[in-house]
Amino acid sequence: QVQLVESGGGLAQAGASLGLSCAASGRTFSTSVMGWFRQAPGKEREFVLVISWSGSNTDYADSVKGRFTISRDDAKNTVYLQMNSLKPEDTAVYYCAQRVRGTVFSARGYLNPNFYDYWGQGTQVTVSS
């Protein structure tokens, strides 16, 4: 059983930066696609970023391109989300997710929350104007 634990959320002013971490348990991390999603009040959970198991491929939602980056450290079983130039509309609960089953990254199934096998509990990010 995999457990994902996010950390690093909090309150930030517009234009500031925040970094999130997601630590995974188990032995499947290094072969897993890892994604970040977010959910604002009253809205559906939306895709933010994803990184392939090798780390060589990433994809981003248009709303965060140029501002957010994703990276992974397989030695630490951790995926990171670096958020720069934060905007009030980035306010949401941020979730990391892990897919342990094999997949073809280029098929872009990772855009759908149902693609993932495990989810973290989420961490709140609030950006004030």
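Select glutamine 98 and threonine 28: a polar contact of 3.0 Å joins their side chains. Keep in mind throughout that this is a predicted model. Now add serine 32, whose side chain makes a polar contact of 2.8 Å with the side chain of glutamine 98. Glutamine 98 belongs to strand E9, residues 92-99. Is glutamine 98 buried or exposed? Its relative accessible area is 0%, so glutamine 98 is buried. To see what surrounds glutamine 98, show Val2, Leu4, Ala24, Thr28, Phe29, Ser32, Val33, Met34, Tyr116, Asp117 and Tyr118, which are its contacts once neighbours within four places in sequence are left aside.

**Aspartate 117**

From that set, select aspartate 117, in the loop between E9 and strand E10 (118-119). The C-alpha atoms of aspartate 117 and glutamine 98 are 5.9 Å apart, with 19 residues of sequence separation. Aspartate 117 counts as partly exposed because its relative accessibility is 24%, while buried would require under 20%. Next, show arginine 101: its side chain and that of aspartate 117 are joined by a polar contact of 2.6 Å. Not counting residues up to four places away in sequence, aspartate 117 touches Gln98, Arg99, Val100 and Arg101.

**The disulfide**

Return to E9 and select cysteine 96, then cysteine 22. A disulfide joins cysteine 22 to cysteine 96, with an S to S distance of 1.9 Å. Cysteine 22 sits in strand E3 (residues 18-24) and cysteine 96 in strand E9, so the pair links distant parts of the chain, 74 residues apart. How many disulfides does a search of the whole structure find? It finds 1. Draw the torsion about the S-S bond of cysteine 22 and cysteine 96: it is about 50 degrees, so this disulfide is right-handed. Cysteine 22 counts as buried because its relative accessibility is 0%. Cysteine 96 likewise counts as buried, at 0% relative accessibility.

**The sheet containing E3**

Keep cysteine 22 selected and add valine 79, its bridge partner in E8. E3 and E8 run antiparallel and are joined by 6 bridges. Widen the view to the open sheet of 4 strands, in the order E1-E3-E8-E7, with antiparallel pairing. Strand E1 (4-7) and E7 are the edge strands, each pairing on one side only. On average, neighbouring strands of this sheet are turned by 15 degrees against each other, direction ignored.

**The E7-E8 hairpin**

Select residues 68-73 and 78-83, strands E7 and E8, which pair in the antiparallel sense over 6 bridges. One position to mark is serine 71, which stands opposite tyrosine 80 in E8. Which side chains of E7 point to the buried face? Phe68, Ile70 and Arg72 point to one face and are buried, while Thr69, Ser71 and Asp73 point to the other and are not. In a regular strand the side chains alternate between the two faces of the sheet.

Move on to the turn. E7 and E8 form a hairpin with 4 residues between them, and asparagine 77 in the turn has a positive phi of about 50 degrees. Asparagine 77 is buried because its relative accessible area is 18%, where the cut-off is under 20%. Show glycine 26 as well: its backbone oxygen lies 3.0 Å from a polar atom of the asparagine 77 side chain. With neighbours within four places in sequence left aside, asparagine 77 is in contact with Cys22, Ala23, Ala24, Ser25, Gly26 and Phe29.

**The nonpolar core**

For the last stop, select Trp36, Leu49, Phe68, Val79, Leu81, Met83 and Tyr94, the residues with the most contacts inside the largest nonpolar core, which has 36 residues. Colour the elements that give two or more residues to this core: E3, strand E4 (33-39), strand E5 (46-51), E7, E8, E9 and strand E11 (123-128). Which element gives the largest share of this core? It is E5, with 5 residues. Finish on leucine 81: leaving aside neighbours within four places in sequence, it is in contact with Leu18, Gly19, Leu20, Trp36, Leu49, Phe68, Thr69 and Tyr94.

How values were computed: Residues numbered from 1 in each chain as written. Predicted model: local features only at pLDDT ≥ 70, side-chain atom pairs only at ≥ 80, totals over all residues. Heavy atoms only, no water. Buried < 20%, exposed > 50% of the residue type's maximum accessible area, 1.4 Å probe, protein only. Pairing = 2+ DSSP bridges. Polar contact = N/O pair within 3.5 Å; in protein donor to acceptor, adjacent residues only side chain to side chain. Contact = heavy atoms within 4.5 Å. Disulfide = S-S within 2.5 Å. Core = buried A, V, L, I, M, F, W, Y, C linked by side-chain atoms within 4.5 Å. Axes fitted to C-alpha atoms, helices over the stretch in contact; angles between N-to-C directions.
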